[in-house]
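Work through the exercises below with the sequence and the model side by side, and try each task before reading its solution.

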Amino acid sequence: MGRGKVELKRIENPTNRQVTFSKRRNGLLKKAFELSILCDAEVALLIFSSSGKVYQFASHDMDRTVAKYRREVGLPDSSNPQFRTREFWRSEIDELKRSINTSEARLKHLSGEDILALGMRDLKQLERQLKIGVERVRSRKRRIVSDHATLLKRRHKQLQEENSRLHKRLKELQDGNISSGLVGENACTMFHQRIVHEEDFHNETGLPL
């Protein structure tokens, strides 16, 4: 029996897809090798799997073949330092754009926007992140309130101590004024009594003051 015709569409079963990839990849590499030997052709083959793994074959130097291809199709020479610099910064810019887009999408999701395309797993993860964020905010608020209350208590205690010190000082000043008043009053009384005694003495003796 002959082999049946295989329909060219994506193989859904991951195991079957990997087996088919391995077989056909090896067959393709073998055909590229045979073509380079039988026909004296310069062959360069690059294969990237769905997971990003690379497989390659080159009958000659790969860089030389790629450079030759770029010249043939009118692309800049990749060996040129300026080209490499441009390619590097272009790659950096593309990476930054992807990072910015990812961050913007994440911010929108956190604010409840553009979540229609999210599946159950993504929604659960988003919900968990929001809960963690809310708890952190509440913890920070409690910490600020606690620190403020502690500061107010310390200030209140300082004011009480200052008030007690001022009361004590005021009492000392008041007691000092009373004592000074008594001393002055006694001195005046004694001086007056002395004058009266002197007048009585002169009246009795007839001597002038």
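A residue is called buried when its relative accessible area is under 20%, exposed when it is over 50%, and partly exposed in between, with a 1.4 Å probe and protein chains only. The model is a predicted one, in which local features need pLDDT of at least 70 and side-chain atom pairs count only at pLDDT 80 or more, while totals for chains, interfaces and linings use all residues. Residues are numbered from 1 along each chain as its sequence is written, and side-chain values use heavy atoms, with hydrogens and water left out.

**Exercise 1. Establish the order of helices and strands in the protein chain.**

Begin with the elements, which are DSSP runs numbered from the N terminus: helices are H or I with at least four residues, and strands are E with at least two. The protein chain holds four helices and two strands, and along the sequence they follow the pattern α-β-β-α-α-α. Of its 209 residues, 9% count as buried.

**Exercise 2. Check the length of helix α1, and find which of its residues are buried.**

The expected span of a helix is 1.5 Å times one less than its number of residues. For the 25 residues of α1 (residues 14-38) this gives 36 Å, and the end C-alpha atoms are 36 Å apart, so the two values agree. Turning to burial, R25, L29, A32 and S36 are buried in α1. An α-helix has 3.6 residues a turn, so residues three or four places apart point the same way. The cover over the buried residues of α1 includes β1 (44-48) and β2 (54-58), where a contact means heavy atoms within 4.5 Å.

**Exercise 3. Describe how β1 and β2 are arranged, and which side chains of β1 are buried.**

Two strands pair if DSSP finds at least two bridges between them; here five bridges join β1 to β2, and the strands run antiparallel. They form a hairpin with five residues between them, and G52 in the turn has a positive phi of about 95 degrees. Across the pair, F48 stands opposite V54 in β2. Along β1, L45 and I47 point to one face and are buried, whereas A44, L46 and F48 point to the other and are not.

**Exercise 4. Locate D40 and D114, and decide whether each is buried or exposed.**

D40 is found in the loop between α1 and β1 and has a positive phi of about 50 degrees although it is not a glycine. Because its relative accessibility is 69%, D40 counts as exposed. D114 lies in the loop between α3 (81-110) and α4 (120-205), and its phi is also positive, near 50 degrees. With a relative accessible area of 51%, D114 is exposed. Most residues other than glycine have a negative phi.
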